[in-house]
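Reader: I am new to this structure. Please take me through the place where the two chains meet, and then show me the sheets on either side.

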Amino acid sequence: MNLIESPPFKRDLDAPKLNCTEPVLTMRSVSHRFGDVRALNNVDVTVYPGEVLGIVGESGSGKSTLLRMMNLEDIPDQGDYRLAIPGATQNLFALDRFARRMLRARHIGIVYQNPHLGLLMRNSSSGNVAERLLISGERRFSALRSRAREAFDASEFPLERMDAPPIELSGGMQQRVQLAKALALEPALLLLDEPTTGLDVSVQAMVLDTLKRLQRDRPITMVLVSHDLGVIRTMADRVIVMRRGRVVEEGLADQIFQDPQHAYTQSLVHAKL
Amino acid sequence: MSQPLLEVENLSKHFDVHHLDQRVFAFSDVSFRLFPGQFLLLRGCNGVGKSTLLRTLYRSYVPKHGHIWFDAVEGRIDLASAADVDITALRRRDIGFVTQFLVARPRVAADELVAEPLRLAGWPQDRALDEARRWLGEFGVKRELWRAYPTTFSGGEQQKVNLARALVLPQRLLLLDEPTASLDAGARHALIRRLGALKAQGVAMIGVFHHPEDVVELIDVQLTLAVKEMADVAE
């Protein structure tokens, strides 16, 4: 018997019976090539309201590419993408560039590993957050200020420093500014791309704690990409495991870590220190 | 008698260890029924699969064959094949898993950790914290430790925090994996009192205990798992 070839146990992953709410995010048959490299190969993803979906996989497995597709920064060669947001009934990949940009600004928040990608480093932190609020049409200074304060408060950023430019802040604080910016418009979906990579251990714990509190206090839907399995295990309700552009396994976070089914997932979990 | 809360039919579990190209059998064809308020004691020698059975029922382990019918509020659902999102919902509301180990998170205080299931169930912060502190006190965690981080606690104190967290919110089915191991007498008595009260409220329980005499007054049914994939049930 070749176990590697043995078929996976079939489950009704897409057929919830108790939880009748619609998914926040549905991606189907997403495929993309960079030249000869197949970056994403027929990927399906579903995320339900209030859950944290973790995406793990080795470098080059396609996890960050998939996140960029979710953020509508890139469009795949083929695939269908739906978000449960007012007025968006069509495949989001079919929208034009401007519509995608508006939708991203209003409904999707993102925290990048590298704060330079998400922030204007020499503008004030409050200005970075206000920039996002302006997109919603808010023009009154007092309202911008008060909503920015709320966002900083939610991301546990010290309010007395909200006018400091991110370049003068520590790495952990820069991530909180990104988080405040992402949360300012109460997004339908919060994307986290290696949000704690490169931070020292104690700062990493603080950022994770902030995210965990956020998850507990408001049912925010998150997708978290990380190569750090400890971070995924702490944060995620469900996990998808990617390899060479494919989803090789999907399951509850504790199941993925305690009883991985696929050979690759087993090697990944066993390699964790 | 009322409808069973849990009906397990021919449940089997094995592990495929890919790097060894080996299949490791845990148990096979386990069947039993459990009614609200019943306490089932799992028995059998070490390594026979008692904890594996609990984890399979909780879906931390993937069942390989069989069914785990659970009488959810919305209707009967097979936990063996249910969607992950349904399992997550049931874990928050109906099915609890109590181990002897705390999953502490850095920089999260004991009372906040215990209050978390209540907050997820929609309790306001102040009430959730009050209730959490009440249960920390009940399990004998000293008041001065309530705001401290359990990552720095001794094993015994961590276990008390873990029990308070696991039992703070009444659920309909509790899976107990040696929760009394290494507890001091006071905490053990508090745990047994709490389990007795939950049982009286109709909570069904399946437990593995090193010292079953601790819970002898709670036991209604025993299921003995045996080697060679055999199992038999005795009332």
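Author: Here is the interface, followed by the sheets of each chain. One caution comes before the rest: this is a predicted model.

Start with the contact itself. On chain A, 37 residues are in contact with chain B, where 40 residues take part. Together the two chains bury about 3,500 Å². Carbon and sulfur atoms account for 53% of that area.

Now the polar side. Four salt bridges are found across the interface of chain A and chain B. Look at A:Arg213 and B:Glu112, which form a salt bridge. Their closest N and O atoms are 2.8 Å apart. Polar contacts across the interface come to 10 residue pairs, with both residues at pLDDT 80 or more.

Which parts of chain A touch chain B? Four elements give two or more residues each: α7 (201–217), β9 (246–252), α9 (253–258) and α10 (263–270) of chain A. The largest share is that of α7(A), with eight residues. By type, the residues on the side of chain A that touches chain B are 13 nonpolar, 11 polar and 13 charged.

Next, the sheet of chain A. Six strands make an open sheet, ordered β5-β6-β7-β3-β8-β9 (chain A), and its pairing is mixed. At the edges are β5 (108–111) and β9 of chain A, and each pairs on one side only. On average, neighbouring strands are turned by 20 degrees against each other, direction ignored. Follow β9(A) inward to its partner. It pairs with β8 (residues 238–243) of chain A in the antiparallel sense, over six bridges. Within this pair, A:Val239 has A:Gly251 in β9(A) as its bridge partner. A helix also packs on the sheet: α2 (residues 97–107) of chain A touches β5 and β6 (189–193) of chain A. The direction of α2(A) makes about 75 degrees with that of β5(A).

Last, chain B. Four strands form an open sheet in the order β2-β1-β4-β5 (chain B), and the pairing is antiparallel. The edge positions belong to β2 (22–34) and β5 (75–78) of chain B; each has a single partner strand, so one side of each lacks a neighbour in the sheet. From one strand to the next, the twist averages 25 degrees. Where does β5(B) attach? Four bridges join β5(B) to β4 (residues 65–72) of chain B, and the two run antiparallel. There, B:Phe70 stands opposite B:Ile77 in β5(B).

Methods
Residues are numbered from 1 along each chain as its sequence is written. Chains are lettered from A and ligands numbered from 1 in the order in which they are written. This is a predicted model: local features need pLDDT of at least 70, side-chain atom pairs count only at pLDDT 80 or more; totals for chains, interfaces and linings use all residues. Side-chain values use heavy atoms; hydrogens and water are left out. Two strands pair if DSSP finds at least two bridges between them. Axes are lines fitted to C-alpha atoms, for helices over the stretch in contact, and angles run from 0 to 180 degrees between N-to-C directions. Contact means heavy atoms within 4.5 Å. Buried area is the accessible area (1.4 Å probe) that two parts lose on being put together, summed over both. A salt bridge is a side-chain nitrogen of Lys or Arg within 4 Å of a carboxyl oxygen of Asp or Glu. A polar contact is a pair of N or O atoms within 3.5 Å; within protein, one must be able to donate a hydrogen and the other to accept it, and residues adjacent in sequence count only if both atoms are side-chain atoms. Ala, Val, Leu, Ile, Met, Phe, Trp, Tyr, Cys and Pro count as nonpolar, Asp, Glu, Lys and Arg as charged, and the others, Gly among them, as polar.
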